[in-house]
Amino acid sequence: MKRLLKIFGVLVVLIIAAAIILPMVLKDEIMAAAKAEINNTVNAKVEFEDIDLSLFKSFPNFWLGIENLTVDGVGIFEGTRLAEIGLIDVDLDLFSVISGNHFSVESIRLIDTKVHVVIDTSGAANYDIMKPSEEAEADDEAPTAETSDFKFSLKRYAVENFNLIYDDQQGHMYVSIIDLDHTGTGDFTSDIVNLETTTSIEALSFDMDGIGYLTKAKADAKINLELNQPEFKFTFAENEVMLNEVLLNFKGFVAMPAEDISMDLSFDAPNTDFKSLLSLIPAIYYQDYSDVKTTGSFSFNGNVNGVYSDAPETYPAFDIKFDVN
């Protein structure tokens, strides 16, 4: 009995020692693999301060933290920072890390993120940083049998305090998102992913051709969808989006199997107090909205069906109905 207890004690000590030593031993290997993967795929200047590793934070998974990652533009976008992420929190399958052949990702969390997207007047975009595939350049018709050593098997993800500026100078469109929190769960190892998401935005602004359609609107959404990964098709069940005081429902699908985007979406805002509609008017919502007296209601519904394409230039048909009583 004493012999068994000694053996058990030795095993416990070895496990604890491995939990402490493995992160230090594998840190340089994982950091080198991460930098190599990034450098092989993007045309940008990517830096990060440190990589932290632990077997205790998410045991039995392997925890990886990338701190203060930045992506800066090069060429015509030099001096414009595309992205800044305070912390990338990743859970890795322990055995995939030990094998060294594949890194299987269980979950990802992005914390304190800033993204600044710019499309200049010529149509060049600072987010277009992916390097072209060497195989595609050599022979566009040749089958690509080889796969990357990096295995991506995401099951859950989260974004905390995400901030975005989208500045489309060619299309005269500007979007600002302040403090977005988003979570999603679904097994991305399957071809068909049942994805459940929740989203909240503290302030959403949208300008088009100099007209402010939304100014610091608050948004909340619960969206459940089916993602067909081979066809890149998103099928939405009944979903809810709240903009300030206006509740919107929608369902249907959006598919992008190639360059064209096909869609069949229906949406509606059920009978709602007219004062809720006024909440979307910034001047009223942020000054004396609470004191405005209104009577009546409104309803809003419509659908979008068809294909959006650049060549030939086509747009989907749409039908919108808006009633105010």
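In strand β7, the residue that serves as bridge partner of L164 is I177. The strands named here, like any helices, are DSSP runs numbered from the N terminus, with at least two residues of type E for a strand and at least four of type H or I for a helix. The pairing belongs to a wider arrangement, in which strand β6 (residues 156–168) and strand β7 (residues 173–185) run antiparallel and are joined by 10 bridges; two strands are said to pair if DSSP finds at least two bridges between them. This is a predicted model, in which local features need pLDDT of at least 70 and side-chain atom pairs count only at pLDDT 80 or more, while totals for chains, interfaces and linings use all residues. Residues are numbered from 1 along each chain as its sequence is written, and side-chain values use heavy atoms, with hydrogens and water left out.

Between β6 and β7 the hairpin has four residues, and in this hairpin H172 takes a positive phi near 55°. Strand β7 also pairs with strand β8 (residues 192–208), to which it is joined by 12 bridges, again in an antiparallel direction. One of the residues involved is M173, whose bridge partner in β8 is M208. Here too the two strands form a hairpin, with six residues between β7 and β8.

Within strand β8 the reader can find T199, whose side chain makes a polar contact with the side chain of H182 at 2.7 Å. A polar contact is a pair of N or O atoms within 3.5 Å, where, within protein, one must be able to donate a hydrogen and the other to accept it, and where residues adjacent in sequence count only if both atoms are side-chain atoms. Leaving aside residues up to four places away in sequence, T199 touches L180, D181, H182, A219, D220 and A221, contact meaning heavy atoms within 4.5 Å.

Strand β8 also contributes to a charged pair, since the side chains of K218 and E202 meet in a salt bridge of 3.4 Å, N to O. This pair links distant parts of the chain, with K218 in strand β9 (residues 211–228) and E202 in strand β8, 16 residues apart. A salt bridge is a side-chain nitrogen of Lys or Arg within 4 Å of a carboxyl oxygen of Asp or Glu, and the structure holds seven of them. K218 counts as partly exposed because its relative accessibility is 36%, and E202 is partly exposed with a relative accessible area of 44%; buried means under 20% relative accessible area, exposed over 50%, and partly exposed in between (1.4 Å probe, protein chains only).

Another part of the chain holds a network of salt bridges that links D72, R81 and E84. D72 forms a salt bridge with R81, the closest N and O atoms being 2.8 Å apart, and the side chains of R81 and E84 meet in another at 3.4 Å, N to O. D72 is buried, because its relative accessible area is 18%, whereas R81 at 35% relative accessibility and E84 at 33% count as partly exposed.

Beside this network comes T70, which lies in strand β3 (residues 62–72) and counts as buried because its relative accessibility is 12%. The C-alpha atoms of T70 and E84 are separated by 4.5 Å, although the two residues are 14 residues apart along the chain. Not counting residues up to four places away in sequence, T70 touches K45, V46, E47, R81, A83 and E84.
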